[in-house]
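Please look over the pockets of this model with me. The points below go through them one at a time.

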Amino acid sequence: MRNVTVENITDVFSAYFGDDADPRSKQVLSSLAKHLHAFVKDVELTHDEWRKGLKALEWAGKLTCPERNEFVLLSDVMGLSSLVDMVNSKPDVTSSSVLGPFHVSNAPPLEIGGDMRGDFAGEVVLVEGTVRDANGAPIPGASVDIWQTAPNGLYSSQDPAQETYSFHGLMTTDDRGRYAFTTVRPVSYVVPDDGPAGDILKAAGRHPWRPSHIHFIVEAEGYHSLVTEVFAADDPYLDQDTVFGVRDDLVMHYVKQPAGSFPEEFELSGQVKEEYSRVDFDFKLALI
Ligand code: BEZ
Ligand code: FE
């Protein structure tokens with residue numbers, strides 16, 4: 001096309017596809033161009049704004065390394081990661097939610113009833129539940145990969161004072177599909193806001209806080225893997241998660257238990273004399 005115009009550029013983009021372009025790439029790229037072009041026309045994007053956008057991507061590239069992926073964070077704060085999660089979600093099972101950048105693979109095994117709190121101070125929380133299929137039947141032998149922040153709001157990979165696998169554990173459900181562990185109550189925390197994702201938050205007048213949560217990857221043979229996180233019902237940021245990760249079914253309650261009622265069969269049995277909290281949360285997995 002010799003005469004590319006504001007009106008025809010989107011059609012011209014699609015017309016330039018070669019015969020060997022694969023149909024799905026064609027569909028995704030045409031639609032992406034259509035929406036990008038519409039966005040430029042809608043806001044009448046200036047050269048300065050376009051350059052600013054490219055500079056932000058360049059900065060994200062410079063910040064990105066094995067310990068930090070600024071592109072993922074950009075996707076998170078724009079709601080893109082959560083939207084991809086939601087459009088791919090399976091009906092009648094537990095909602096998925098953002099993985100985030102702080103999961104450390106190959107966590108050490110955590111026995112059922114094991115403790116993740118270690119020497120950290122803070123109220124003990126007993127978390128337990130069952131991994132089930134969509135009909136509610138328990139799934140024995142499912143793997144439950146668990147991680148969260150320390151009481152200072154930092155993940156182990158952000159905090160030189162923590163061991164690599166601090167507040168990480170990998171559990172296998174028992175013959176009743178049950179998992180159970182103790183930890184400390186996680187806290188609300190801020191996502192890194194010293195890069196372009198932080199600039200977007202500032203430009204939008206938004207804060208960088210996430211409501212407190214515990215992350216889980218639940219996997220079992222024959223089922224879709226579930227990457228999710230479970231939030232506290234009383235967290236002040238529940239309705240303003242900066243990465244849009246909260247879903248109704250992922251909200252759970254910390255229920256206070258009286259001093260002296262800590263159960264047997266936990267690593268901490270006999271050591272917790274004071275009040276503690278209990279959380280009961282079941283996961284439902286979708287069949288492949
Ligand atoms: C997290 O929950 O660990 C997380 C998710 C998105 C961005 C930053 C952190
Ligand atoms: Fe997190």
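Which helix gives the most to the lining of the largest pocket?

1. H3 does, with nine residues. This is a predicted model, in which local features need pLDDT of at least 70, side-chain atom pairs count only at pLDDT 80 or more, and totals for chains, interfaces and linings use all residues. Residues are numbered from 1 along each chain as its sequence is written, chains are lettered from A and ligands numbered from 1 in the order in which they are written, and side-chain values use heavy atoms, without hydrogens and water.

2. The largest pocket (on a 1 Å grid over the protein atoms alone, an open set of points where a 1.4 Å probe fits, with protein on both sides within 12 Å along at least five of seven lines; lining residues have an atom within 4 Å of a point) has a volume of about 1,200 Å³. Its lining has 25 residues, and the closest to the pocket centre are Phe 39, Glu 49, Gly 53, Leu 54 and Ile 200.

3. Helices (DSSP runs of H or I, at least four residues) H2 (23-43), H3 (47-63), H4 (70-77) and H6 (196-203) each supply at least two residues of that lining. The lining of the largest pocket divides into 18 nonpolar, four polar and three charged residues, with Gly counted as polar.

4. The second largest pocket has a volume of about 300 Å³. Among its lining residues are Arg 24, His 35 and Val 87. H2 provides the largest share, six residues, and H5 (80-87) supplies at least two.

Methods. Points joined across faces, edges and corners; volume = space filled by probe spheres on them.
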